[in-house]
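Work through the exercises below with the sequence and the model side by side, and try each task before reading its solution.

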Amino acid sequence: AKQSATLQESASLLKQSVDIYNKVNEKLTAIGNVKQVMQDQIELVREAGKAIEYGKKIGAKSPEMLQNYIKQIDHVIQANRKNVELLKNVLTGGLKLSDSERLKSINDVSENTANNMATIHALNTHFENYTTLKRIFFNH
């Protein structure tokens, strides 16, 4: 009977240890993800700035195309501000979330940021291709 009680206590202690480990692991994962998401946000803004500067450099002869390009980049940045707001709310407790919901939200922000970065790169490529073709075919 004493061994059974000892085993039950050990099993209970082990279960508590695993639960604590899982909670700590989730928090450490979240911290790592938050750092990466913040770095990705900074990189996104840098890339948007570079894309606009590059667009101005190569698109000076097509002002309406350049304006459209800048509007599209700005639209991506505006959409990304929602990510920043969500991240801020997740980190400051502005939303009542469990740890797993908080981690999922952080992962969603990360995924949205990656999609926004891909959109900026695609816009940059399309604009560059357009201006190159225009220059080739119309000597502009």
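Isoleucine 136 is exposed, with a relative accessible area of 55% (exposed means over 50%, buried under 20%, and partly exposed in between, using a 1.4 Å probe and protein chains only). This is a predicted model, in which local features need pLDDT of at least 70 and side-chain atom pairs count only at pLDDT 80 or more, while totals for chains, interfaces and linings use all residues. Residues are numbered from 1 along each chain as its sequence is written, and side-chain values use heavy atoms, with hydrogens and water left out.

**Exercise 1. Place isoleucine 136 in its element and in its surface surroundings.**

Solution. Begin with the element: isoleucine 136 belongs to helix 3, where helices are DSSP runs of H or I with at least four residues, strands are runs of E with at least two, and both are numbered from the N terminus. Next, turn to the surface, where Leu133, Ile136, Phe137 and Phe138 form a nonpolar patch with about 490 Å² of accessible area together. Such a patch takes residues with over 30% relative accessible area and no salt bridge, joining nonpolar side chains (Val, Leu, Ile, Met, Phe, Trp, Tyr) within 5 Å and like charges within 9 Å; the areas come from the Shrake-Rupley method with a 1.4 Å probe, and for residues only the protein chains shown count as cover.

**Exercise 2. Describe the overall make-up of the protein chain and the confidence assigned to it.**

Solution. First, the secondary structure comes to three helices and zero strands, so that the order from the N terminus on is α-α-α, by the DSSP runs already defined. Then consider confidence: pLDDT, the predictor's confidence in each residue from 0 to 100, has a mean of 80 over the chain, and 77% of the residues reach 70 or more. Confidence is lowest in helix 1 (residues 2-58), at a mean of 75, and highest in helix 3 (residues 99-138), at 86. Where pLDDT is low, the predicted coordinates should not be read in detail.

**Exercise 3. Is threonine 113 buried or exposed, and which residues does it touch?**

Solution. Threonine 113, which lies in helix 3, is buried, with a relative accessible area of 2%. Leaving out residues up to four places away in sequence, threonine 113 touches Asp40, Gln41, Leu44, Asn80 and Asn83, a contact being heavy atoms within 4.5 Å. Of these, Asn80 and Asn83 are listed among the buried residues of helix 2. For the chain as a whole, residues 24 or more positions apart account for 74% of the contacts with a separation of 6 or more.

**Exercise 4. Analyse the salt bridges of the structure and the exposure of their partners.**

Solution. The structure holds three salt bridges, each a side-chain nitrogen of Lys or Arg within 4 Å of a carboxyl oxygen of Asp or Glu. In helix 1, arginine 46 and glutamate 43 are three residues apart, about one turn of the helix, and their closest N and O atoms are 3.8 Å apart; arginine 46 is exposed at 51%, whereas glutamate 43 is partly exposed at 30%. Lysine 50 and glutamate 47 meet at 3.5 Å, N to O, with lysine 50 exposed at 52% and glutamate 47 buried at 16%. Finally, lysine 104 and aspartate 108 pair at 3.0 Å, N to O, and these two are four residues apart in helix 3, about one helical turn.
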